[in-house]
Amino acid sequence: MMGMSKIVKTMVSVALPLTLIYGLYIIAHGHLTPGGGFQGGAVVASGLAMLVVSYGSVWTMDRIKEKHLSSLESLGAFGFIGLAFLGLIFGSWFFNNFLLGNEYLFGMIGEGASNINTAGVIPLMNFAVGLKVIAGLFAIVLVMAYATSKKGGDL
Amino acid sequence: MDKRTIAAAVFFSIVAVFLIFGALFMHPFGDPTEDDMDQYIIDNTQSQTGADNGVTSVVFDYRGFDTLGEATVLFTAVAGVILIFRRLKK
């Protein structure tokens with residue numbers, strides 16, 4: 001049996017969805033409540049690191065390859081830079097908040113901590129940075145755990 | 001006592017004296033000398049960026065370049081770690 005004991009695996013499978021939901025909540029509400037892309041991404045990545053610790057890095061590496069994580073991280077970085085350049089195209093300067101002012105997608109100007117449909121490109125940048133931090137930190141943990149694992153060992 | 005212990009004791013005494021003097025003459029909490037920029041951001045962050053969270057509005061809107069550098073640092077760190085710790089093909 002790969003990984004740690006059955007007790008730890010059961011506890012991780014109970015705690016992992018809650019951790020993922022909490023981290024994604026922090027990312028999605030980054031423009032309303034304390035937190036943001038970096039913080040929520042760190043929460044999600046630590047939840048996935050819990051998966052690596054309990055189930056073993058070989059088990060995890062069989063399912064999630066590091067090059068896919070690298071692609072996800074590059075996607076997040078391209079999203080962030082692309083939003084900045086879209087501000088240059090549709091607005092007038094780099095990092096312009098060009099979505100602010102329309103009434104459909106994140107365009108409203110928030111009054112009070114209630115409306116999620118506010119703040120222009122800030123939620124989208126939060127998503128991009130969150131994806132980048134999730135993939136980056138999880139790739140670091142997974143690659144370091146896999147490189148130090150013994151052949152035929154448990155972890 | 002050997003010389004290392006005496007040197008460490010002297011060093012820590014000097015550092016402790018500096019820290020105690022720094023704590024005694026510390027600036028009063030919540031009363032910065034230059035607060036024009038903080039007050040501007042606190043007053044205008046909701047109407048200018050639309051975000052309720054002032055920290056996120058600073059990080060992603062007012063100071064976007066800083067976040068770009070931060071993301072570049074993270075990207076470089078991940079690339080370096082994957083470069084060092086990957087399994088080489090035989």
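This passage walks through a predicted model with chains A and B, starting with chain A and ending where the two chains meet.

Chain A is a helical affair. Its secondary structure comes to 5 helices and 0 strands, so it is no surprise from the definition of these elements that its order from the N terminus reads α-α-α-α-α. Of the 155 residues in chain A, 42% are buried. Taking contacts in chain A between residues at least 6 apart in sequence, 66% join residues at least 24 apart. As for confidence, chain A averages a pLDDT of 82, and 86% of the residues score at least 70. Within chain A, H1(A) comes out highest, at 91, while helix H3 (residues 57–63) of chain A is where confidence is lowest, at a mean of 81.

Next comes the nonpolar core. The largest one holds 42 residues, and Phe80(A), Met125(A), Ile134(A), Phe138(A) and Ala139(A) are those with the most contacts inside it. Both chains chip in: on the chain A side, helices H1 (6–28), H2 (37–55), H4 (66–90) and H5 (122–147) each supply at least two residues of this core, and on the chain B side helices H3 (54–62) and H4 (64–85) do too. H5(A) gives the largest share, 16 residues. In general, nonpolar side chains tend to be buried together in soluble globular proteins. One of the core residues, Ala139(A), has neighbours in both chains. Leaving aside residues up to four places away in sequence, Ala139(A) touches Glu66(A), Leu69(A), Ser70(A) and Glu73(A), along with Val78(B) and Ile82(B).

H5(A) also turns up in two of the helix pairs described here. Within chain A, H5(A) packs with H2(A) at an angle of about 30°, their axes being 8 Å apart. Angles under 35 degrees count as roughly parallel, which makes H2(A) roughly parallel to H5(A). The crossing of this pair is right-handed. On the H2(A) side, the residues that meet H5(A) include Gly37(A), Gly40(A), Gly41(A), Ala45(A) and Leu48(A); on the H5(A) side, those that meet H2(A) include Val129(A), Gly130(A), Ile134(A), Phe138(A) and Val141(A).

The second pair takes H5(A) across to the other chain. Here H5(A) and H4(B) pack at about 20°, with axes 9 Å apart, and that makes H5(A) roughly parallel to H4(B). This crossing, though, is left-handed. H5(A) makes the contact through residues including Val129(A), Lys132(A), Gly136(A), Ala139(A) and Val143(A), and H4(B) through Ala71(B), Leu74(B), Val78(B), Val81(B), Ile82(B) and Phe85(B).

Looking at the two chains as a whole, 22 residues of chain B are in contact with 34 residues of chain A. On the side of chain B that touches chain A, H2, H3 and H4 of chain B each supply at least two residues, and H4(B) brings the largest share, 8 residues.

Chain B has a helix pair of its own to show. The axes of helix H2 (residues 36–49) of chain B and H3(B) come within 10 Å and cross at roughly 65°, making H2(B) roughly perpendicular to H3(B). H2(B) passes H3(B) in a left-handed crossing. In this pair, Ile41(B), Ile42(B), Thr45(B) and Thr49(B) of H2(B) meet Gly54(B), Ser57(B), Val58(B), Asp61(B) and Tyr62(B) of H3(B).

Key. Residues numbered from 1 in each chain as written. Chains lettered and ligands numbered in written order. Predicted model: local features only at pLDDT ≥ 70, side-chain atom pairs only at ≥ 80, totals over all residues. Core = buried A, V, L, I, M, F, W, Y, C linked by C-beta atoms within 7 Å. Buried ≥ 20, exposed ≤ 12 C-beta atoms within 10 Å, placed from the backbone. Helix = DSSP H or I, 4+ residues; strand = E, 2+ residues; numbered from the N terminus. Contact = placed C-beta atoms within 7 Å. pLDDT = per-residue confidence, 0-100. Axes fitted to C-alpha atoms, helices over the stretch in contact; angles between N-to-C directions. Parallel < 35°, antiparallel > 145°, perpendicular 65-115°, else oblique. Left-handed = near helix turned anticlockwise from the far one by under 90°.
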